[in-house]
Amino acid sequence: MKPTKIKTILIGLGRIASKLEKDPYRKKPCTHMGVLMSSWGKAHFEFVSGFDSNPEACELFQNQWKQPTVNIPNGLFQKLNLPTVNLAIIATPSHTHEGIAKECIKMGIRHLLIEKPVAMSSKGAKTLEQLSKSNQTKIWINHERRYHPSYLFVRDELKKGNFGQIKSIRASVFTSAKNPGIAFSKSGGGPLLHDGTHALDLIHWLVGKPKLVHAKMERPKKGIVETRASAYFFTNSNIQITLDVSGGREYFQFELDIHTNSHRIICSNDGFQFFQSVPSKLYKGFQSLELYNPKGFPKPETSNAFLGIYKEIKEVIHGEKSTMEGTLSENIQILESIESIYRNKK
């Protein structure tokens, strides 16, 4: 018997929910609605309605997707009677995630996909975790790189020992303050919470929770969110980690630079590069790093992180899989790492 389609609502109809699907350069689908309206998505999900507090956003969404929407007056979400669905996707501004998630759980929705960060603090995330456990609600947080075939390849090869043992990781997230969205606003929480959370998620995913040694924060004025956050960590296995999250650049750059005892792996929004140790052509008796293409690395056309997380949601809801990536407990640890930077800044 064919499984029933998963009835789904989308709360928040902005960039990552819908609008970015019109970006001609991004690999599709690249939004929540893009997945749900894809041929694969339509086969497994039934879209019920979209919700937003902005009437213009509702109108743009209807024009783009020809799907129903509901305009929610600001602050009145808790008074709204949501339809009976299997899955709610929360893609609203960061500071609203926790409250909306709680209301969805109270209304009986048992599966939630929430944009990062899941809450503005680890305390808020822990409260949400307790509520989800008592109501048997499963929660995914959209750290989509965990589902990207290229990142999965790197992690799997590292686990197998094919790339050697990790010695250090340099993580950088650089963006511009000219068109930053909410990353440089109090509601967005600053670039560390808004964008740096992706880098810290991958660090936790690869090596576990690191211990902060030193942190520095730059703010143009007191009470304003940071323009730069840098941190220095070590793991229990003595892996050195540096993190730099900042604006003031005329470009966007997301990168993990992983060094092992025998390899270097660069994971970037510009692509992936792999280097291996070989006898040096520059210095007699030395080893140097040489660029190469590892066997089995996924082809670009097969790589899509958004489809990956939705495939897992489908499998878990239908009982085809029991484990989940990026659990709420892990996201609490990520928020704790971020808070340690804020707390110990110089």
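What covers the buried residues of α6? Keep that in mind as you open this predicted model, and let us begin at that helix.

**Stop one: helix α6**

Select residues 149-160. These twelve residues make up α6, and the span from the first C-alpha to the last is 16 Å, close to the 16 Å expected at 1.5 Å a residue. Now show the side chains of Ser-150, Tyr-151, Phe-153, Val-154, Arg-155, Glu-157 and Leu-158, which are buried. To see the cover over them, add β7 (166-174), α7 (190-207), β11 (253-260), β12 (263-268) and β13 (271-279), which are included in it. Before leaving, step just past the helix to Gly-161, where phi is positive at about 85°.

**Stop two: Thr-260**

Next, pick Thr-260, which sits in strand β11. Is this residue, Thr-260, buried or exposed? Its relative accessibility is 9%, so Thr-260 counts as buried, the limit being under 20%. Two polar partners of its side chain deserve a distance label. One is the backbone oxygen of Phe-163, which the side chain of Thr-260 reaches at 2.6 Å. Another is the backbone nitrogen of His-263, 2.7 Å from a polar atom of the Thr-260 side chain. Leaving aside residues up to four places away in sequence, Thr-260 touches Leu-158, Phe-163, Gly-164, Gln-165, Ile-166, Lys-167 and Ile-265. You have already met Leu-158 among the buried residues of α6.

**Stop three: α5 and its helix neighbours**

Now colour α4 (residues 97-106) and α5 (residues 122-134). Their axes are 10 Å apart and the helices pack at an angle of about 10°, which makes α4 roughly parallel to α5. On the α4 side of the contact, show Glu-98, Ala-101, Lys-102 and Ile-105; on the α5 side, show Gly-124, Thr-127, Leu-128, Leu-131 and Ser-132. By type, the residues of this contact are four nonpolar, three polar and two charged.

Keep α5 on screen and add α9 (residues 328-343). How do α5 and α9 run, roughly parallel or roughly antiparallel? Their axes come within 9 Å and cross at roughly 170°, so the two helices are roughly antiparallel to each other. From α5, the contact uses Ser-122, Ala-125, Lys-126, Leu-128, Glu-129 and Ser-132, and from α9 it uses Leu-328, Ser-329, Ile-332, Leu-335, Glu-336 and Glu-339. Here the residues divide into five nonpolar, three polar and four charged. Leu-128 and Ser-132 are worth highlighting, since they take part in the contact with α4 as well as in the one with α9.

**Stop four: backbone details in the loops**

Most residues other than glycine have a negative phi, and most peptide bonds are trans. With that in mind, visit four loop sites.

- Lys-28 and Pro-29: a cis peptide bond joins them, with omega about -5°. Look for Pro-29 in the loop between β1 (6-11) and α1 (32-36).
- Lys-116 and Pro-117: another cis peptide bond, with omega about -10°. Pro-117 lies in the loop between β5 (111-114) and α5.
- Gln-136: not a glycine, yet its phi is positive, about 55°. Find Gln-136 in the loop between α5 and β6 (138-141), where it is exposed with a relative accessible area of 69%.
- Asn-238: phi is positive here too, near 70°. Asn-238 belongs to the loop between β9 (228-234) and β10 (240-246), and at 58% relative accessibility it counts as exposed.

Key
Residues numbered from 1 in each chain as written. Predicted model: local features only at pLDDT ≥ 70, side-chain atom pairs only at ≥ 80, totals over all residues. Heavy atoms only, no water. Helix = DSSP H or I, 4+ residues; strand = E, 2+ residues; numbered from the N terminus. Expected span 1.5 Å × (residues − 1). Buried < 20%, exposed > 50% of the residue type's maximum accessible area, 1.4 Å probe, protein only. Contact = heavy atoms within 4.5 Å. Polar contact = N/O pair within 3.5 Å; in protein donor to acceptor, adjacent residues only side chain to side chain. Axes fitted to C-alpha atoms, helices over the stretch in contact; angles between N-to-C directions. Parallel < 35°, antiparallel > 145°, perpendicular 65-115°, else oblique. Nonpolar A, V, L, I, M, F, W, Y, C, P; charged D, E, K, R; others polar.
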